[in-house]
Amino acid sequence: LVVPIGVESGDSRLLLNESLSSRVFPQPLMWQVKTDAGHNGSYIVGRIDSAEITPDGIRNAKGVFDVGPRGREAERMVRGKFLRGASVDLDKFKTLNKDEMSELSESIDENLDDKTLIKEARQMGVTLVAKPAFQECFIVLDEELEEATIVDGIHTSEVDLDDDVEGVISTLIAGAIPIKPPRDWFDN
């Protein structure tokens, strides 16, 4: 779940029915390394390729981690369940005005003064955070990738040497190439 509809956040925000839309994909997957206001200090660590807008919110976001150092570290933290919280990044954000709040408050016979009711918002990305506003929102790794390991930024699976000798040789050659080749390799 990226963001729920009809569930109040810890800071009294609530998205109303049919309030959500999404920018075109792909979108950034960010990571807020150090807790700060909003999502300040976040880095791009991956890409979101798709997500579904459903009656209960935006869910089933799918994407990949970047193979750079920050992406690999974020993936490691998620895999180890040290980092799980997901927080949606929204724009085109509109809340109910005073008249709308008053009218709704009267119709449901509840005081809504301390709440922020969102009638329109558009997803533009997701940020991995330590403490998400909506406790229901978290990231998990695709179970098919759960068996894969990362070696120098390359996703590999366990291989039987007898089944794929050429693949093993290619992997060994690729694995021998450093992530940061020496500068003199590029001298003319």
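This passage describes salt bridges, the surroundings of one helix and a nonpolar surface patch in a predicted model.

The count of salt bridges in the model comes to ten. Among them, R23, D91 and R122 are joined in a network. Within this network, R23 pairs with D91 through N and O atoms that are 2.5 Å apart at their closest, and the pair links distant parts of the chain, since R23 belongs to the loop between strand 3 (20-22) and strand 4 (27-32), whereas D91 lies in strand 7 (residues 85-95), 68 residues apart. D91 also forms a salt bridge with R122, for which the closest N and O atoms are 2.8 Å apart; because R122 lies in strand 8 (residues 116-129) and D91 in strand 7, this pair ties together parts that are 31 residues apart in sequence. D91 counts as buried, with a relative accessibility of 14%, while R23 is partly exposed at 35% and R122 is partly exposed at 21%.

A further salt bridge is formed by R13 and D11, with the closest N and O atoms 3.0 Å apart. Here R13 is partly exposed at 26% relative accessibility, and D11 is likewise partly exposed, at 43%.

At the start of helix 2 (residues 98-108), a side-chain oxygen of N97 comes to within 3.1 Å of the backbone nitrogen of D99, and just after this helix D109 adopts a positive phi of about 55°.

On the surface, I177, W185 and F186 form a nonpolar patch that has about 390 Å² of accessible area together. F186 is located in the segment after helix 4 (165-176) and, because its relative accessibility of 64% is over 50%, counts as exposed.

Terms used
Residues numbered from 1 in each chain as written. Predicted model: local features only at pLDDT ≥ 70, side-chain atom pairs only at ≥ 80, totals over all residues. Heavy atoms only, no water. Patch = residues over 30% accessible without salt bridge, like charges linked within 9 Å, V, L, I, M, F, W, Y side chains within 5 Å. Areas by Shrake-Rupley, 256 points an atom, 1.4 Å probe, with all protein chains shown as cover. Salt bridge = Lys/Arg side-chain N within 4 Å of Asp/Glu carboxyl O. Helix = DSSP H or I, 4+ residues; strand = E, 2+ residues; numbered from the N terminus. Buried < 20%, exposed > 50% of the residue type's maximum accessible area, 1.4 Å probe, protein only. Polar contact = N/O pair within 3.5 Å; in protein donor to acceptor, adjacent residues only side chain to side chain.
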